[in-house]
Amino acid sequence: MIMKFKEGYKVRSMAGENVVIMQGTAGSDMTRIISLNDSSLLLWNELQGKEFEVTDVANILVENYGIEMATAVADARAWVAKLQECGLI
């Protein structure tokens, strides 16, 4: 399945955390803050503005962390599922 991040979301550093915010939503509901760890930030930056699949995510993890492909695919699926749950893709 080909995916892409929804338009309008940006990552900003706030209080030492990398958080996803929606651009241009002054006074928006901040009860749902999405924080990215270092691996998630790497994936976000690598895939921003591009169409991607789970295998693309897994390949980035393998290239950057030297993990086995099976582990990378499982991690990539979990990451994509969380992004879908949060409505980011």
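Me: What is the order of the strands in the open sheet?
Reply: This is a predicted model. Its open sheet has three strands with antiparallel pairing. β1 and β3 stand at the edges, each with a single partner strand, so one side of each has no neighbour in the sheet. The order is β1-β2-β3.

Me: How many degrees does the twist average from one strand to the next?
Reply: The value refers to the open sheet of three strands, β1-β2-β3. From one strand to the next, the twist averages 40 degrees.

Me: Over how many bridges do β1 and β2 pair?
Reply: Val 11 stands opposite Val 20 in β2, and Arg 12 has Val 19 of β2 as its bridge partner. The pairing of β1 and β2 is antiparallel, and the number of bridges is six.

Me: Which residue takes a positive phi in the hairpin of β1 and β2?
Reply: The hairpin has two residues between the strands. The phi in question is near 55 degrees, and the residue is Ala 15.

Me: What angle does the direction of α1 make with that of β3?
Reply: Helix α1 packs on the sheet and touches β1, β2 and β3. These strands are also among the elements that cover the buried residues of α1, together with α2 and α3. Between the directions of α1 and β3 the angle is about 95 degrees.

Me: Which residues of helix α1 are buried?
Reply: Helix α1 spans residues 38–47. To count as buried, a residue must have under 20% relative accessible area. The buried residues of α1 are Ser 40, Leu 41, Leu 42, Leu 43, Trp 44 and Leu 47.

Me: Which residue caps the N-terminal end of α1?
Reply: The cap is made by a side-chain oxygen that lies 3.2 Å from the backbone nitrogen of Ser 39. Past the helix comes Gly 49, with a positive phi near 80 degrees. The capping residue at the N-terminal end is Asn 37.

Me: Which element gives the largest share of the largest nonpolar core?
Reply: The core has 26 residues, and those with the most contacts inside it include Phe 5, Trp 44 and Trp 79. Two or more residues each come from β1, β3, α1, α2 and α3. The largest share is six residues, and the element that gives it is α3.

Me: Which residues does Phe 5 touch, not counting those up to four places away in sequence?
Reply: Phe 5 is one of the residues with the most contacts inside the largest core. Trp 44, Phe 52, Trp 79 and Leu 88 are also in that group. Phe 5 touches Trp 44, Leu 47, Gln 48, Phe 52, Trp 79, Leu 83, Leu 88 and Ile 89.

Me: Which residue does a polar contact of 3.3 Å join to Tyr 65?
Reply: Tyr 65 lies in helix α2 and is partly exposed, at 42% relative accessibility. Leaving aside neighbours within four places in sequence, its contacts are Asp 38, Ser 39 and Leu 42. One of these residues is 26 residues away in sequence and 9.2 Å away in space, C-alpha to C-alpha. The side chain joined to that of Tyr 65 belongs to Ser 39.

Me: Which side chains meet in a salt bridge?
Reply: A search of the whole structure finds one salt bridge, with 3.4 Å from N to O. Its two residues are three apart in helix α3, so about one helical turn separates them. The lysine is partly exposed at 46%, and the glutamate is exposed at 58%. The side chains are those of Lys 82 and Glu 85.

Methods:
Residues numbered from 1 in each chain as written. Predicted model: local features only at pLDDT ≥ 70, side-chain atom pairs only at ≥ 80, totals over all residues. Heavy atoms only, no water. Salt bridge = Lys/Arg side-chain N within 4 Å of Asp/Glu carboxyl O. Helix = DSSP H or I, 4+ residues; strand = E, 2+ residues; numbered from the N terminus. Buried < 20%, exposed > 50% of the residue type's maximum accessible area, 1.4 Å probe, protein only. Contact = heavy atoms within 4.5 Å. Polar contact = N/O pair within 3.5 Å; in protein donor to acceptor, adjacent residues only side chain to side chain. Core = buried A, V, L, I, M, F, W, Y, C linked by side-chain atoms within 4.5 Å. Pairing = 2+ DSSP bridges. Axes fitted to C-alpha atoms, helices over the stretch in contact; angles between N-to-C directions.
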